[in-house]
There are 2 protein chains.
Amino acid sequence: MLYELLKSKNAQFYIQHSGDNNFYYATKFRIPNSAFYFVGIDGTDLLVVPEMEKNRASRESKVKEIASLTDLGYHERLKELKDSKRALAQTLIELLKTHKAKKILIPPNFPSFLALEFLKYFEVEVVENPFLKMRAVKSNDEIEKIRDTSVAIIESFKLALELLKKVRDCDMLRNEIETFLFSRGYLAQDTIVSSGKLSADPHFIGHGEIKEHVIIDIFPKSRKHHYYSDFTRTVILDDCPEIEEMLDTVTEAQQKAISMIREGITAKEVHYTVCDVLEERGYHTLRKKYREGFIHSTGHGVGLDIHEEPRIYENEDVLRAGMVFTVEPGLYYRKWGGVRVEDVVVVRKHGCEVLTEFPKKIDLRRV
Amino acid sequence: MLYELLKSKNAQFYIQHSGDNNFYYATKFRIPNSAFYFVGIDGTDLLVVPEMEKNRASRESKVKEIASLTDLGYHERLKELKDSKRALAQTLIELLKTHKAKKILIPPNFPSFLALEFLKYFEVEVVENPFLKMRAVKSNDEIEKIRDTSVAIIESFKLALELLKKVRDCDMLRNEIETFLFSRGYLAQDTIVSSGKLSADPHFIGHGEIKEHVIIDIFPKSRKHHYYSDFTRTVILDDCPEIEEMLDTVTEAQQKAISMIREGITAKEVHYTVCDVLEERGYHTLRKKYREGFIHSTGHGVGLDIHEEPRIYENEDVLRAGMVFTVEPGLYYRKWGGVRVEDVVVVRKHGCEVLTEFPKKIDLRRV
């Protein structure tokens with residue numbers, strides 16, 4: 001795919017810098033320092049790393065060829081220029097010249113200090129990061145990692161349900177969930193434990209007393225393999241007919257959406273199915289320009305980032321087998337608060353698999 | 001200071017984008033999305049944020065003026081251009097034009113997609129991030145935050161010493177320390193619990209059995225206020241005269257360095273004092289080009305990043321009151337393993353204050 005991109009742009013190189021998950025995805029190499037992955041139309045598949053990381057890069061990365069900055073003459077240039085950034089830029093420029101580059105492609109967030117130096121020697125074009133689209137379709141190995149994180153979430157949610165019998169404070173419950181996950185090797189931050197009318201703001205993480213109902217939205221990543229998963233349930237704790245009806249409706253919308261997901265349908269079809277169910281039951285949607293009701297998208301891809309491709313919204317993206325995303329309809333009314341039900345699914349050829357299987361309606365009123 | 005920078009460069013604007021701690025330092029505003037802080041020579045002090053973050057920005061940020069992208073016509077441009085990145089670039093370009101900008105300054109990691117668009121309308125120069133130098137000298141409020149994290153570290157280290165009576169596995173001990181800190185509101189990752197001869201690699205986080213001695217290096221940040229601290233002790237668990245002598249020597253070097261730290265001396269003087277003590281006792285140093293012995297710098301600034309200004313090495317930086325950094329001499333020999341003692345200090349006018357006060361020599365042989 002990178003070859004086609006280079007060809008269509010009449011460019012000789014794409015350069016991916018370290019510092020985001022696209023670099024890790026492309027190279028399978030994690031590094032806190034600066035490193036650069038060069039893909040050339042001449043077949044170049046080269047990772048450039050600091051000298052001290054060269055051995056580890058050879059062991060861990062999936063890139064064909066590794067060169068250290070020292071190999072490429074960085075230290076001589078540093079002595080001469082006495083400026084680490086200029087020395088780095090010159091080192092990469094010489095490398096590109098050796099490969100007869102005339103035009104190079106860079107992703108939008110590529111560091112400006114390099115891009116502006118490159119411009120003195122080459123044509124430079126910013127392109128959408130090509131790895132973003134590739135990342136949307138997961139390998140089996142990636143799916144197993146998301147499954148692993150999903151299992152940990154369900155364990156932590158079961159703990160939360162146990163604790164809800166005595167803990168009725170949002171911050172305390174959040175801390176218990178996150179600490180449990182941390183001790184098992186998962187990092188959850190800003191876990192939503194949101195109750196009462198303030199839960200009508202879907203971004204509010206929740207503070208204070210847990211009242212008639214509580215939204216618990218847990219989205220950790222593994223500290224080992226770094227893949228996220230994402231899961232939400234709304235727990236009923238006391239009578240509130242409006243909230244209960246909202247929850248039943250959201251559950252119905254979610255189940256209808258999940259039942260239709262398979263390879264070949266579009267994101268928009270899924271999103272509109274959710275909107276249709278909610279509107280039929282008399283609720284408001286953003287689709288109809290309302291600011292209460294269902295005011296966000298149906299879902300988002302989950303992987304190395306918590307929000308990635310595909311987006312399940314009004315877009316025409318066609319779902320492909322191996323895509324992993326959330327299905328998370330919600331309803332939010334300032335008068336009553338919010339409800340949401342969220343699962344992560346994998347698209348299959350003739351359907352989809354739910355990775356976060358757990359009962360949708362949780363009623364702790366009689367506990 | 002930004003005014004002087006703009007003047008000296010004959011530029012009208014410096015633009016800081018969100019995504020690193022310099023943005024937070026400059027604005028006191030945390031945001032997961034794109035946001036931009038504009039400082040103009042005409043007195044402009046403006047934060048540009050997405051519409052949904054405007055109210056929070058008004059409450060939380062210390063910037064004088066807040067504008068949303070919507071206020072600046074982003075959505076009209078998006079409709080016209082159908083490209084969110086180009087619409088964003090045009091919106092910022094129009095803003096700069098309104099302020100009669102001709103030359104703008106950007107930090108090295110500024111996103112290329114914007115820098116290359118800016119170039120079509122303005123002169124653009126990449127400068128060292130001006131906030132890095134400012135961040136080296138901490139306010140009292142910042143020092144209290146680093147003190148808070150330091151207190152948590154000492155608590156977690158006391159727990160580690162208790163656990164060492166029965167837990168003799170590096171990974172288990174690391175997990176106990178990190179989970180304890182997490183439950184108290186601090187995030188520690190890659191905590192070093194390193195034992196045996198492999199501890200001769202100062203970057204090895206440690207795995208396997210804990211033997212005659214163990215290096216424990218804990219460097220969490222607060223999940224609330226986001227400031228780091230950093231602390232290392234080497235614990236003696238069984239007889240090993242070489243390790244013990246190394247530890248005594250490192251402790252002496254550290255104490256001599258700490259006793260001389262005050263406003264006005266240079267980083268190099270501190271680093272060379274450490275080297276002098278170690279060399280006098282017959283150990284090797286990188287200063288003398290050895291690859292065993294004391295093979296790293298004496299310390300680094302600590303704040304919103306775990307490694308920041310000032311560097312305590314062979315550089316001539318003059319220490320100023322309010323600077324906060326580590327003093328962490330170590331000795332590393334493949335034959336015996338490594339030892340290190342590390343504290344965080346605040347430079348004062350006539351001395352320095354240690355924020356991580358704890359006995360240097362910890363001998364658990366008789367426990």
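Start by colouring the two domains of chain A: domain 1 is 2–135 and domain 2 is 137–363, with bounds from an automatic or database domain assignment. Their centres, taken over C-alpha atoms, are separated by 38 Å. This is a predicted model, where local features need pLDDT of at least 70, side-chain atom pairs count only at pLDDT 80 or more, and totals for chains, interfaces and linings use all residues. Residues are numbered from 1 along each chain as its sequence is written, while chains are lettered from A and ligands numbered from 1 in the order in which they are written.

Now look at where the domains touch. Six residues of domain 1 of chain A and five of domain 2 of chain A make the contact (C-beta atoms, placed from the backbone, within 7 Å). On the domain 1 side, helix 2 (21–27) and helix 7 (130–136) of chain A each supply at least two residues; helices (H or I, at least four residues) and strands (E, at least two) are DSSP runs, numbered from the N terminus.

Next, select helix 5 of chain A, residues 84–98. At 1.5 Å a residue (times one less than the number of residues), its 15 residues should span 21 Å, and the end C-alpha atoms are indeed 21 Å apart. Among its buried residues are A:Leu88, A:Leu92 and A:Leu95 (buried means 20 or more other C-beta atoms within 10 Å of a residue's own, with C-beta atoms placed from the backbone). What do the buried residues of helix 5 of chain A pack against? Strand 1 (13–17), strand 2 (36–40), helix 4 (74–81), strand 5 (103–106) and helix 6 (112–118) of chain A. Just after the helix, click on A:Lys100, which takes a positive phi of about 60°.

Bring chain B into view. A rotation of 180° with 0.0 Å of shift along its axis superposes chain B on chain A, RMSD 0.1 Å (least squares on the C-alpha atoms of residues with pLDDT of at least 70 in both). The two copies are thus related as by a two-fold rotation axis. To find that axis, go to B:Ser112: in chain B its C-alpha is the nearest, 2.4 Å away.

Then show the contact between the chains, which takes 16 residues from each of chain B and chain A. Helix 6 (112–118), strand 6 (123–126) and helix 9 (170–183) of chain B each supply at least two residues of the chain B side. 100% of the interface residues of chain B are also interface residues in chain A, so the copies meet through the same surface.

Methods:
Two residues are in contact if their C-beta atoms, placed from the backbone, lie within 7 Å. A residue is buried if 20 or more other C-beta atoms lie within 10 Å of its own, exposed if 12 or fewer, and partly exposed in between; C-beta atoms are placed from the backbone.
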